[in-house]
2 protein chains.
Amino acid sequence: MGQPLYQKVIDTIVARIGAGELLAGGMLPSETQLAAEIGVSQGTARKALMMLEQHGIVRREQGRGTFVTARTPESSLFNFFRLREDDGTIIRPELIEEKIIQRPASDTERKTLFEKPESVYEIRRIRSLKGAASTIETAVLPAPLFAGIERRAPLPSALYILYQQNYGCIVLRADESIKAIAAGPDEARALKVEEGAPLLRVERLAYDILGRPIERRRSIYRTDQLNYKVTLD
Amino acid sequence: MGQPLYQKVIDTIVARIGAGELLAGGMLPSETQLAAEIGVSQGTARKALMMLEQHGIVRREQGRGTFVTARTPESSLFNFFRLREDDGTIIRPELIEEKIIQRPASDTERKTLFEKPESVYEIRRIRSLKGAASTIETAVLPAPLFAGIERRAPLPSALYILYQQNYGCIVLRADESIKAIAAGPDEARALKVEEGAPLLRVERLAYDILGRPIERRRSIYRTDQLNYKVTLD
DNA sequence: GAGTGGTCTAGACCACTTT
DNA sequence: AAGTGGTCTAGACCACTCC
């Protein structure tokens, strides 16, 4: 028994979710059923389910059951959209421009994205917060995994929900690297600031439930009236 | 039994750590001893210890025992010092200037810091990374909790280790709010950049093991050659 | 060999939700 | 009442560390 039994249970469930057998929001078998199916004790199945819950992959509710995590617009906004008012209030961004193209992958894109794709989709969007254009987002996706996404335009405001519902990719984690930059001519025009004005640049690599890097995203924010909030632990 | 038994175990241990009965790095009683002491089964004590481990409060090692988390310079640097080279390499900051003063608390400081202190310590430090001055840090601490800290100057590079070893405050979590700002005259002079150059400003509120807000910190970074890295989940 | 945490089992009882 | 997850127990065996 090279690996713990509960790991086998976890792998089984994650595989079923990845394969689409268990849909987001759907209910899992109960602890007892799962235990019988996989041939472990109820306590072991329970441990696996609790670990999946801690990784945010399932949600458990006493008396109701265990469900595959479904990112709602709310939770998605809350988890991965980090801009807040100075007092901490969450902001609802409005989409004011969107452009989707397919193009060959750059070297770093091919190296960092899942399956080393030759071709990628690039989604460029400008958002307005509180009436003024304040963010430029460029998301880059491996084309094989997101085939036909350009025909779904206009895309919903929260891309991660689209990824989940239409491509089975549940985004659970993202690494970000943040810099302050001076606005170039393009950014200045799009965000209506002077050239050289300080802007926040966030580069993100997002991973799905199977740990696959499925999206590179570069966001440029005006933070004169806003904050980018994170928690460290 | 309003609350679960394992919670009682957790509270007991956290209280002992907070009271200094269990020192950072010290070994806890074994599962069996703890269970007998508090009057629960070994499995319940075990659950409590596992939860404490997940919160980063203790570290467990098979065959050796359970130990109170001691932040080493390494781990502290890794967890709360977020500046990295563009390629992700960690940076070792050098201290080049330090000033500690005691002064009355501002309104927001009194409101947000533990015990609503009338008086605070302010630690202002400038660090150089890769030879060039690149960060200005201002930490504000409630004076009652950190009495006499000004006499410990010069302070170690990693303040959180000092807080732990000398004041029993183990920092486990911090909320940050990040902005891009234009360098003012003071920042420009200290960091040797032009006025108006883009800088990263990070405002942090750090909480200790008991959930007490014990430090406000404002850091200003040059990010022309560096990145601020975070992980979302 | 003694002591520690890591895994696993089998079963009990409780609290909650649904029908 | 039936089914779910939440708590708790008691005990077994294993892997690892230290003496």
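Author: Helices (DSSP runs of H or I, at least four residues) and strands (E runs, at least two) are numbered from the N terminus. This is a predicted model, in which local features need pLDDT of at least 70 and side-chain atom pairs count only at pLDDT 80 or more, while totals for chains, interfaces and linings use all residues. Residues are numbered from 1 along each chain as its sequence is written, chains are lettered from A and ligands numbered from 1 in the order in which they are written, and side-chain values use heavy atoms, with hydrogens and water left out.

Reader: Why is helix α6 of chain A called largely enclosed by the rest of the structure?

Author: Buried means under 20% relative accessible area (exposed is over 50%, partly exposed in between, with a 1.4 Å probe and protein chains only). Seven of the nine residues of α6 (residues 159–167) are buried, and the helix is therefore described as largely enclosed. Among the buried residues are Leu159(A), Ile161(A), Gln164(A) and Tyr167(A).

Reader: What covers the buried residues of α6(A)?

Author: The covering elements, found by contact (heavy atoms within 4.5 Å), include helix α4 (73–80) and the strands β5 (119–129), β6 (132–142), β7 (171–182), β8 (198–208) and β9 (213–221), which belong to chain A. Just after α6(A), Gly168(A) takes a positive phi of about 65°.

Reader: Why is Ser76(B) called buried?

Author: Its relative accessibility is 5%, and Ser76(B) therefore counts as buried. Ser76(B) sits in helix α4 (residues 73–80) of chain B, and, leaving aside residues up to four places away in sequence, it touches Arg71(B), Phe81(B), Ala158(B), Tyr160(B) and Ile161(B).

Reader: How many disulfides does a search of the whole structure find?

Author: The test is a pair of cysteine sulfur atoms within 2.5 Å, and the search returns zero over all chains. Cys169(A) is nevertheless buried, because its relative accessibility is 0%, and for Cys169(B) a value of 0% leads to that conclusion as well.

Reader: Which residues come nearest to DNA strand C, and how do you know that polar contacts are made there?

Author: Being near requires a heavy atom within 4 Å; of the 21 residues around strand C, Leu5(A), Tyr6(A), Ser41(A), Thr44(A) and Arg60(B) come nearest. A polar contact is a pair of N or O atoms within 3.5 Å (within protein, one must be able to donate a hydrogen and the other to accept it, and residues adjacent in sequence count only if both atoms are side-chain atoms). A polar side-chain atom of Tyr6(A) lies 2.7 Å from a phosphate oxygen of strand C, and one of Thr44(A) lies 2.4 Å from a phosphate oxygen, so both pairs meet the cut-off. The elements giving two or more residues to this surface are α1 (5–18) and α3 (42–54) of chain A with β1 (58–61) and β2 (65–68) of chain B.

Reader: What is the nature of the atoms of DNA strand C within 4 Å of the protein?

Author: Sugar or phosphate accounts for 82% of them, and bases for the rest. On DNA strand D, a base nitrogen is 3.0 Å from a polar backbone atom of Gly63(A), whereas a phosphate oxygen is 2.3 Å from a backbone N or O atom of Leu5(B).

Reader: What area do chain A and chain B bury between them?

Author: Buried area is the accessible area (1.4 Å probe) that two parts lose on being put together, summed over both; here it is about 2,600 Å², with 52% on carbon and sulfur atoms. In chain A, Ile178(A), Lys179(A) and Leu232(A) lose the most, together 25% of what that side buries.
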